[in-house]
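Here is a chain to look through together. Have a glance at the sequence and the fold, and then read on.

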Amino acid sequence: MLIINGKIVTWGANPKILEESWGFLIRDGVIKKIAPQAELIQEFPGEAVLDAENQYIMPGNICAHTHFYGAFSRGLGIPGDAPATFRQILEKLWWHLDKALDQDGVRYSALVCLVDAIKHGTTTLIDHHASPNAIEGSLDIVAEAVNTAGLRASLCYEVTDRDGMEKAEQGLQENLRFIKRIQRREPADAQLRTHFGLHASLTLSDETLARAHELCPEGIGFHIHAAEGMEDQEDSLKQSGLRVIHRLDRFGILKPETILAHGIHLDESEIDRLAESKAWLTHQPRSNMNNAVGVAPVEHMLERGVRMALGNDGFSNAMWVEWKEAYLLHKITHRDPRRMGGYTVMEMAVKNNAALISEIFDDLPVGEISEGAAADLIFVDYKPFTPLTPDNLPWHILFGFHESMVTTTMVAGRLLMHQRKLLTLDEDEIMSKAMEISKQTWHDFATIAKEDNR
């Protein structure tokens, strides 16, 4: 198709805003030609035309770390006293909720998150899944949901020892089985990739880490939480005498394809090793505030060469909200309005997120509007009342853009939502079914919590 009559925000190495007289041609899921729209219409007279109606046309947003499985936590009451520590949050909420998921729970937890992503302009997500009582085939269920939605994603299973070594081995095998599926590069899975998932150092024995390294194929990275809470560091020192990054490094976890989430409590030696390894580290400010675990030294790590990306840890897939929280959190933490400027947020959320996804998807250019780039796009109905330029665009996003302004979402040239109408997913059916399933999940959650508290 041809896309015309929009203001094109290119992002990329040299961001530009092309006014309405420009347009572009999409073929085979990528942007083939960018030119004045009159020239395009004349050159391709029979091409379908999509009118952007004077909206901003932008690359879709990217989420570098999320948890679809946590969707049913919304509104969920935790029995007993409120958790007072990060470990208690894990034990009283997440490690009961994931056990309460059956196959239907896995499916609809994913689907409600995918509806949210499409509506809010997030076109690519890296998911970290857990369902200890429904491990085998769980990644196929999530993959089916992603493929139905039409989004782009990388999936993995979160291996842990916390439920015993038999289930740890099941998790290892689920990762390996799904990796082999994705390596076949079936056309139906063109928008899927995978990592080898691990939970965190504090729930992984030396034996499981060694086994994961042994099983993980060449060229596949790990996806693991690292130093999210001090408990992770304390456990690592107790188990091995090493801090988290050095312990993971001993088992070959650190490599350029690996994603580590959070990295809040790292010392200088860990930061240096992380930068040297070229592994990715993701920042999730909303989650960090919610769990009261602290604030990662993001600016310092970027300066030291750590490859930082931006995720949401299972919060809503409205990534501009994550931008705003990152922008504000570091200012109040340091009591310094100069901290975490708009360009720094943009470096993580646009440049680095795009580079991460491009590496995962075989060097396909993403996160930019350029010839040869993936046609992963959104239309934004934003009406600025002050000048908007490539130089001040980050501040318009931080103080003006809102996820409700996304009217159209496209991935690989396929419309997933147009004029705010979902085209690949039936939101009413999904929400109705999710309501039914979540009630059962909550019942099972309460039962599991009661049993664990005996």
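What follows is a short tour of some charged pairs and of one residue in a helix.

A word on the model: it is predicted, so local features need pLDDT of at least 70 and side-chain atom pairs count only at pLDDT 80 or more, while totals for chains, interfaces and linings use all residues. Residues are numbered from 1 along each chain as its sequence is written, and side-chain values use heavy atoms, with hydrogens and water left out.

Let's start with charge. Side chains of opposite charge can pair when their charged atoms come close. The term used here is salt bridge, meaning a side-chain nitrogen of Lys or Arg within 4 Å of a carboxyl oxygen of Asp or Glu. How many salt bridges does the structure hold? The count is 33. Among them are these:

| Pair | N to O distance |
|---|---|
| Arg27 and Glu47 | 2.6 Å |
| Glu268 and Arg304 | 2.3 Å |
| Lys383 and Asp381 | 2.5 Å |

Where do the partners sit? Helices (H or I, at least four residues) and strands (E, at least two) are DSSP runs, numbered from the N terminus. Arg27 and Glu47 tie together distant parts of the chain, 20 residues apart: Arg27 belongs to strand β4 (residues 22-27), and Glu47 to the loop between α1 (37-43) and β6 (49-51). Glu268 and Arg304 do likewise across 36 residues, with Glu268 in helix α9 (residues 268-277) and Arg304 in the loop between α11 (298-303) and β16 (307-310).

Now for how open these side chains are. Buried means under 20% relative accessible area, exposed over 50%, and partly exposed in between (1.4 Å probe, protein chains only). Arg27 is partly exposed at 34%. Glu268 is partly exposed too, at 38%, and so is its partner Arg304, at 31%. In the third pair, Lys383 counts as exposed with 61%, whereas Asp381 is partly exposed with 30%. Elsewhere, salt bridges with shared partners join Asp140, Glu174, Arg177, Arg181 and Asp189 into one network.

Finally, meet Val298, a residue of helix α11. Is Val298 buried or exposed? Val298 counts as buried, because its relative accessibility is 1%. Which residues touch it, leaving aside neighbours within four places in sequence? Val298 is in contact (heavy atoms within 4.5 Å) with His283, Met308, His330, Met340 and Met348. As for Thr386, which lies 88 residues from Val298 along the chain, the C-alpha atoms of the two are separated by 30 Å.
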